[in-house]
Amino acid sequence: MKKVFERPASLRAVPTHYCSGCGHSIVHRLICEVIDELGIREDVIAVCPVGCAVIAYEYWDFDCSEAPHGRTPCVATGIKRVHPDKVVFSYQGDGDLAAIGTAEIIHTANRGENITVFFINNGVYGMTNGQMAPTTLIGQKTSTSIHGRDIARDGYPMKMSELLSQLPGAKYIERVSVDNPANVLKTKAAIKKALKHQMEGKGFSLVEILSPCPTYWGLSPKDACRRIEDEMSKVFPLGVIKDA
Amino acid sequence: MAKILMCGNEVIGEAAVHAGCTFYAGYPITPQNELTHYMSFRMQESGGTFIQAESELAAINLVLGAAAAGARAMTSSSSPGISLKQEGISYMAACQLPAVIVNMMRGGPGLGNIAPSQADYFQATRGGGHGDYRTMVLAPSTVEEVWNLTQLAFDLADEYRNPVMILGDGILGQMMEPVEVVRRHVQAKNAAGTHKPWALTGCKGRKPNVIRSLFLGEGELEELNRIMQMKYDKIKSKEPRFESLYTEDSDLVIVAYGTTSRIVRSAISKARHEHLHVGMFRPITLWPFPEAQLQKLAKKSKAFLVVEMSAGQMVDDVKLSILGQRPIHFYGRAGGGVPTEEAIVEVIKDILKPKSRKRVYA
């Protein structure tokens with residue numbers, strides 16, 4: 001009998017710590033599938049963020065570094081400049097990339113560093129009990145916006161991909177989602193395109209992935225996926241934002 | 001080889017290249033800019049990487065990445081910038097990553113001024129950031145010593161897999177002195193990843209390497225700390241460095257480091273002309289502090305005087321070394337003030353001939 005589905009070799013056979021319905025484990029797997037398909041497991045060096053994915057190196061079976069909160073692209077840049085022949089990616093959440101690490105991601109993109117960034121946008125700080133993130137939707141209730149995000153008090157959801165796309169150094173930026181099987185496949189295609197982009201020396205690439213957080217959205221996994229389609233993707237539209 | 005005139009900051013750059021440094025990231029701040037200027041072209045010439053970072057936070061983390069990848073990496077700054085780098089230094093100490101960090105100290109606290117200072121002694125020798133860690137601290141006093149200690153810093157960092165700090169000040173960084181430098185044109189020594197089996201190079205033919213400081217399992221972080229403390233104990237026993245001057249026959253031993261030790265040296269020469277038995281103990285490593293070596297002098301000398309360009313920081317380590325066996329005096333200038341030779345001679349006289357004089361120092 002032909003085997004049609006199996007664990008990617010780059011993904012360790014261990015249970016993850018993620019909540020049920022969380023998007024992280026889907027994206028972890030997709031990255032590993034792509035790495036296997038490109039045959040680059042021994043050439044990859046990943047940088048894990050501070051946030052829910054902080055111990056991604058427990059799941060990924062390739063070289064990894066941790067990074068201080070938000071400095072993920074700097075650590076990735078340091079590695080890539082030393083090993084330009086390796087495939088280096090950072091994996092960051094919205095607190096890491098859009099709040100504490102805003103300066104770092106902008107300047108890394110602006111220098112046109114030939115690295116890839118996987119940006120998980122779930123609109124909350126999951127690791128620290130669901131506080132408001134720069135990407136939290138208006139009216140969304142979090143542990144630091146209990147009556148809902150208020151523009152007057154908290155400002156607007158920050159569109160990092162659109163912002164970064166203004167920089168000449170950023171070459172490929174796409175926003176995808178893991179809310180349904182079709183979108184999961186599109187996410188995988190975007191991950192592959194971004195890594196190939198780096199391997200071809202084309203410069204900075206970033207894939208933003210809208211990802212469910214049922215725990216801190218207060219929804220069932222199914223309803224969390226529905227929320228991405230009904231609400232989140234209205235504010236953060238899916239598609240290629242830049243492909244230069 | 002002929003000596004040439006170079007300022008301390010530039011010599012650090014050339015010495016780093018000579019030591020095989022292939023990665024430098026920095027951010028402008030006075031009084032260390034000459035080093036960043038120098039590295040901007042010298043890294044390019046020698047096949048390394050120069051990045052002018054968007055902040056000190058970025059610079060130290062670029063260095064963290066390069067160090068994790070196995071390169072000999074360096075960053076530099078001055079006091080306020082070093083405060084920002086402390087986050088990264090703590091991570092590097094915990095991840096056991098080697099790197100060289102230069103602090104050309106200026107007056108503080110806060111934005112302070114750009115005058116020379118030694119007020120970051122506590123920060124440099126006590127770890128500086130969060131958690132139980134130490135960085136080795138080398139304190140050159142001449143441009144020639146800058147050349148030697150910078151190279152030593154890279155070797156020590158690699159040997160102990162720990163960040164090493166070069167602690168100077170605005171005078172040492174900007175003063176030009178004759179120095180014999182060897183300009184290497186090609187990077188050869190210590191290519192990225194060599195002899196560093198822990199470095200991130202891609203997991204070809206081996207199990208994946210992970211650089212991390214997060215240990216959530218019961219007892220795991222305690223174990224890391226135990227390993228780090230064992231390493232620090234080894235450093236404390238093997239690596240203290242110092243210079244002594246006339247300590248064999250001195251009633252009073254002045255303890256001073258870096259730029260201050262140069263002024264003290266001149267003051268001692270004057271005092272000796274006046275038949276005052278004064279000597280100097282100059283720590284070259286501030287951490288590990290040459291505690292045992294200084295302790296030995298307590299048997300011979302009657303008193304100690306600590307001179308610093310601070311409100312009194314190294315004086316604590318001197319007290320911890322002498323353990324109350326002899327009186328310890330302090331004379332310092334804070335906020336960018338530089339002690340003069342004359343003032344130090346006056347303080348020496350106050351201590352050695354107290355009855356015939358009115359106290360002029362606090």
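**Exercise 1. Determine whether the two faces of strand S12 of chain B are covered.**

Step 1. Take one side of S12(B): B:Val278, B:Met280 and B:Arg282 are buried. A residue is buried if 20 or more other C-beta atoms lie within 10 Å of its own, exposed if 12 or fewer, and partly exposed in between, with C-beta atoms placed from the backbone.

Step 2. Take the other side: B:Gly279, B:Phe281 and B:Pro283 are buried too. Both faces are therefore covered.

Step 3. Count along the strand, residues 278-283. Six of the six residues are buried, so S12(B) is largely enclosed by the rest of the structure. In general, side chains of a regular strand alternate between the two faces of the sheet.

Before going on, note the source. This is a predicted model, in which local features need pLDDT of at least 70 and side-chain atom pairs count only at pLDDT 80 or more, while totals for chains, interfaces and linings use all residues. Residues are numbered from 1 along each chain as its sequence is written, and chains are lettered from A and ligands numbered from 1 in the order in which they are written. Helices (H or I, at least four residues) and strands (E, at least two) are DSSP runs, numbered from the N terminus.

**Exercise 2. Find the strands that pair with S12(B), and give the sense of each pairing.**

Step 1. Strand S10 (residues 242-245) of chain B pairs with S12(B) in the antiparallel sense, over four bridges. Two strands pair if DSSP finds at least two bridges between them. Here B:Ser244 has B:Phe281 as its bridge partner.

Step 2. Strand S11 (residues 252-255) of chain B runs parallel to S12(B), and four bridges join them. B:Ile254 is partnered by B:Met280.

Step 3. Follow the chain from S11(B) to S12(B). It passes through helix H9 (residues 258-273) of chain B, and this β-α-β crossover is right-handed. That word applies if, with the strands pointing away from the viewer, the path from the first strand over the helix to the second runs clockwise.

**Exercise 3. Describe helix H9(B) and place B:Val264 in it.**

Step 1. H9(B) has 16 residues and reaches 24 Å from first C-alpha to last, close to the 22 Å expected at 1.5 Å a residue. The expected span is 1.5 Å times one less than the number of residues.

Step 2. The buried residues of H9(B) include B:Gly258, B:Val264 and B:Ala271. Just after the helix, B:His275 takes a positive phi of about 60 degrees.

Step 3. B:Val264 sits in H9 of chain B. It counts as buried because it has 29 C-beta neighbours inside 10 Å.

Step 4. List its contacts, leaving aside neighbours within four places in sequence: B:Ile254, B:Ala256, B:Met280, B:Val307 and B:Ile344. Residues are in contact if their C-beta atoms, placed from the backbone, lie within 7 Å. B:Val264 and B:Val307 are 43 residues apart in sequence, yet 7.8 Å apart in space, C-alpha to C-alpha.

**Exercise 4. Work out what chain B offers to chain A.**

Step 1. Contacts link 32 residues of chain B with 29 residues of chain A.

Step 2. H3, helix H4 (79-95) and strand S9 (210-211) of chain B each give two or more residues to this side. The largest share, nine residues, comes from H3(B).

Step 3. Sort the chain B side by class: 18 nonpolar, 10 polar and four charged residues. Ala, Val, Leu, Ile, Met, Phe, Trp, Tyr, Cys and Pro count as nonpolar, Asp, Glu, Lys and Arg as charged, and the others, Gly among them, as polar.

Step 4. Look at H3(B), residues 56-68. It reaches 18 Å from its first C-alpha to its last. 13 of the 13 residues are buried, so H3(B) is largely enclosed by the rest of the structure.

**Exercise 5. Trace the sheet that includes strands of both chains.**

Step 1. Read the order: S9(A)-S7(A)-S8(A)-S4(A)-S3(A)-S1(A)-S2(A)-S9(B). This is an open sheet of eight strands with mixed pairing.

Step 2. Identify the edges. They are strand S9 (239-243) of chain A and S9 of chain B, and each pairs on one side only.

Step 3. Check the link between chains. Strand S2 (residues 63-66) of chain A and S9(B) pair in the parallel sense over two bridges. A:Ser65 stands opposite B:Ile211.

Conventions. Two residues are in contact if their C-beta atoms, placed from the backbone, lie within 7 Å.
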